[in-house]
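Have a look at the model below before reading on. We'll start from one spot and then step back to the whole chain.

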Amino acid sequence: MELVCPKCGKVMDLPNPTAGMMVGCSGCGESFQLELPPAPARPNAAPTRGAPAMPPPPMPPVPPPVPIHAQSENLGDNAGMRMLLPVGRSGWAIACGYLGLLSFLLFPAPLAIITGIIAIVDLKKHPNKHGWGRTVFGLITGTLGLLFLLHIVASAIMNKPPF
């Protein structure tokens, strides 16, 4: 590093300067304390006292809101559409729900249980599909209908009235 004596102006070459180091001039013999220029500020460093604060970087623009109908390509993801139409549901779950409704007629009860089991397999295989509620409803009502059907058949075999 080249160093200039503050007294006589002689230029000296200093190999390893450190701040606060005492240096003797080879021209006039005066000693002085070495003051190094401040290091350039790091970008993430906090500003020092008295230094003007740098303004924060500008915020990126906020994208405009996306309409609800454009947010999802799949109508089955919209709860309102699922209430109106059987979109995004397993076909087996729909069949199980309707057979569960008809299981009070007794003969569709075993079919409700069979389609309920198939619907469970289908829903586990395709987790993006909906229809668990219909499947559970079909299984419960199908089981109740099957139990009532078995009670009537057992009563007929024993020649007893069912009630």
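Where is Leu 105 found? In this predicted model, Leu 105 sits in the loop between α3 (91-101) and α4 (109-125). Its relative accessibility is 43%, so Leu 105 counts as partly exposed, the class between under 20% and over 50%. Leu 105 also helps make a nonpolar surface patch of about 780 Å². The other residues in that patch are Tyr 98, Leu 101, Leu 102, Phe 104, Phe 107 and Phe 137.

Now for the inside. The largest nonpolar core has 8 residues: Leu 3, Cys 5, Met 12, Leu 14, Val 23, Cys 25, Phe 32 and Leu 34. Val 23 is a handy one to click on. Leaving out residues up to four places away in sequence, Val 23 touches Leu 3, Met 12, Leu 14, Phe 32 and Leu 34, which are also listed in that core. Glu 30 and Ser 31 are among the contacts of Val 23 too.

Stepping back, the protein has 5 helices and 4 strands. Going along the sequence, the order reads β-β-β-β-α-α-α-α-α. Here are some percentages for the whole protein:

| What is counted | Share |
|---|---|
| Buried residues, out of 163 residues | 23% |
| Contacts joining residues at least 24 apart, among those between residues at least 6 apart in sequence | 39% |
| Carbon and sulfur atoms, out of about 12,400 Å² of accessible surface | 68% |

Conventions
Residues are numbered from 1 along each chain as its sequence is written. This is a predicted model: local features need pLDDT of at least 70, side-chain atom pairs count only at pLDDT 80 or more; totals for chains, interfaces and linings use all residues. Side-chain values use heavy atoms; hydrogens and water are left out. A nonpolar core is a set of buried Ala, Val, Leu, Ile, Met, Phe, Trp, Tyr and Cys residues joined through side-chain atoms within 4.5 Å. Buried means under 20% relative accessible area, exposed over 50%, partly exposed in between (1.4 Å probe, protein chains only). Contact means heavy atoms within 4.5 Å. Patches are made of residues with over 30% relative accessible area and no salt bridge: like charges are joined within 9 Å, nonpolar side chains (Val, Leu, Ile, Met, Phe, Trp, Tyr) within 5 Å. Accessible areas come from the Shrake-Rupley method with a 1.4 Å probe; for residues, only the protein chains shown count as cover. A salt bridge is a side-chain nitrogen of Lys or Arg within 4 Å of a carboxyl oxygen of Asp or Glu. Helices (H or I, at least four residues) and strands (E, at least two) are DSSP runs, numbered from the N terminus.
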